[in-house]
Number of protein chains: 2
Amino acid sequence: MERKTRQRDAIWLALERASRPLGPQEVLERARQEVPRLGIATVYRNIKALVAAARLRVVELPGVPDRYEVAGKDHHHHFHCRSCDGVFEVETCSDDFDQVTPAGFYLERHEVTLYGLCASCAL
Amino acid sequence: MERKTRQRDAIWLALERASRPLGPQEVLERARQEVPRLGIATVYRNIKALVAAARLRVVELPGVPDRYEVAGKDHHHHFHCRSCDGVFEVETCSDDFDQVTPAGFYLERHEVTLYGLCASCAL
DNA sequence: GTCGTTGCAAAGCGTTTGCAGCCTA
DNA sequence: TAGGCTGCAAACGCTTTGCAACGAC
């Protein structure tokens with residue numbers, strides 16, 4: 001991450017503009033509007049570097065490939081649409097998971113994923 | 001799932017005996033103690049069939065390959081120990097996820113994964 | 001004997017890596 | 001001009017599929 005390149009800019013821009021976490025393929029498609037000859041390997045390499053630099057956060061969802069979003073957002077979780085495969089942010093997190101943690105266990109963090117149909121697909 | 005075979009029995013037995021969800025490779029290793037020439041493709045095909053028959057449940061954990069457990073247990077989630085990589089069941093679940101679901105979205109199900117240290121590793 | 005099931009190998013699919021050439025600093 | 005970065009293609013690991021042989025019923 002030493003040099004500034006058109007490719008890296010395009011990849012970052014794609015993620016910054018997105019309203020939801022993106023997968024590498026989605027990043028490629030969007031970034032190619034800026035750099036048509038962009039390769040998928042470059043997307044993977046830059047995503048990896050951006051995650052290492054803590055500028056991106058990995059969104060790990062059960063059963064599907066990892067997606068990425070810009071780091072620094074408030075605590076939130078995701079809604080995974082089974083129809084369009086899109087991933088959307090869920091604002092709040094009401095639950096207290098300490099109370100369901102077994103005795104003796106040390107709870108550090110939690111992931112919640114909601115499944116169903118997004119607003120568009122539910123129509 | 002029409003015929004009873006040694007392979008299918010061995011695969012089912014491996015999952016039934018396990019105290020935690022298993023991945024396909026783990027199932028293969030255990031089932032080969034019964035059927036040494038068992039192939040990984042057969043494991044995948046049978047797991048798929050058993051899931052379709054609702055005799056197995058898919059345990060989808062973020063970031064790691066799917067694991068499988070015998071179906072029919074009460075609603076529960078999992079605690080994933082970052083130290084020993086073990087997966088433990090979490091009994092209860094205070095579901096209030098409808099209220100955090102965005103307007104227009106149709107919520108069908110949810111997954112919760114807790115991370116931290118299990119009782120043994122937390123000592 | 002039928003045809004569901006199996007084992008092997010090949011094919012997919014998403015991700016990573018090797019390498020020669022490119023281009024930023 | 002050095003060497004980080006890129007695009008291409010090959011390599012990878014995991015999962016699925018094609019196919020001929022096997023074996024449950």
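A residue counts as near a strand if one of its heavy atoms lies within 4 Å of it. Helices are DSSP runs of at least four residues, numbered from the N terminus. By these terms, H3(B) gives the most to the surface near DNA strand C, with four residues. The model is predicted.

**DNA strand C**

Strand C is surrounded by 20 residues. The closest are A:Tyr44, B:Glu2, B:Arg37, B:Thr42 and B:Arg45. Of the atoms of DNA strand C that come within 4 Å of the protein, sugar and phosphate make up 70%.

Phosphate oxygens of strand C have partners in both side chains and backbone. A side-chain N or O atom of B:Arg37 lies 2.7 Å from one. For B:Arg8, a polar side-chain atom is 3.1 Å away. A:Lys4 uses a backbone N or O atom, at 3.0 Å. H3 of chain A, with helix H1 (6-17) and H3 of chain B, are the elements that give two or more residues to this surface. By residue type, the surface near DNA strand C holds seven nonpolar, five polar and eight charged residues.

**DNA strand D**

Strand D has 18 residues around it. A:Arg3, A:Arg37, A:Thr42, B:Arg3 and B:Tyr44 are the closest. Sugar or phosphate supplies 66% of the atoms of DNA strand D within 4 Å of the protein, and bases supply the rest.

Here A:Arg37 places a polar side-chain atom 2.6 Å from a phosphate oxygen. A:Glu2 comes to 2.9 Å with a polar backbone atom. A backbone N or O atom of A:Met1 lies 3.4 Å from a phosphate oxygen.

Helix H1 (6-17) and helix H3 (40-52) of chain A each supply at least two residues near DNA strand D, as does helix H3 (40-52) of chain B. Which helix gives the most to this surface? H3(A) does, with four residues. The residues near DNA strand D comprise five nonpolar, five polar and eight charged.

**Phosphate contacts listed**

| Residue | Atom type | DNA strand | Distance |
|---|---|---|---|
| B:Arg37 | side-chain N or O | C | 2.7 Å |
| B:Arg8 | polar side-chain | C | 3.1 Å |
| A:Lys4 | backbone N or O | C | 3.0 Å |
| A:Arg37 | polar side-chain | D | 2.6 Å |
| A:Glu2 | polar backbone | D | 2.9 Å |
| A:Met1 | backbone N or O | D | 3.4 Å |

**The two protein chains**

A turn of 178° and a shift of 0.2 Å along the axis lay chain B on chain A, with an RMSD of 1.4 Å. That is the relation of a two-fold axis. Both copies use the same surface: 97% of the contact residues of chain B recur in chain A.

Terms used:
Residues are numbered from 1 along each chain as its sequence is written. Chains are lettered from A and ligands numbered from 1 in the order in which they are written. This is a predicted model: local features need pLDDT of at least 70, side-chain atom pairs count only at pLDDT 80 or more; totals for chains, interfaces and linings use all residues. Side-chain values use heavy atoms; hydrogens and water are left out. A polar contact is a pair of N or O atoms within 3.5 Å; within protein, one must be able to donate a hydrogen and the other to accept it, and residues adjacent in sequence count only if both atoms are side-chain atoms. Ala, Val, Leu, Ile, Met, Phe, Trp, Tyr, Cys and Pro count as nonpolar, Asp, Glu, Lys and Arg as charged, and the others, Gly among them, as polar. Copies are superposed by least squares on the C-alpha atoms of residues with pLDDT of at least 70 in both. Contact means heavy atoms within 4.5 Å.
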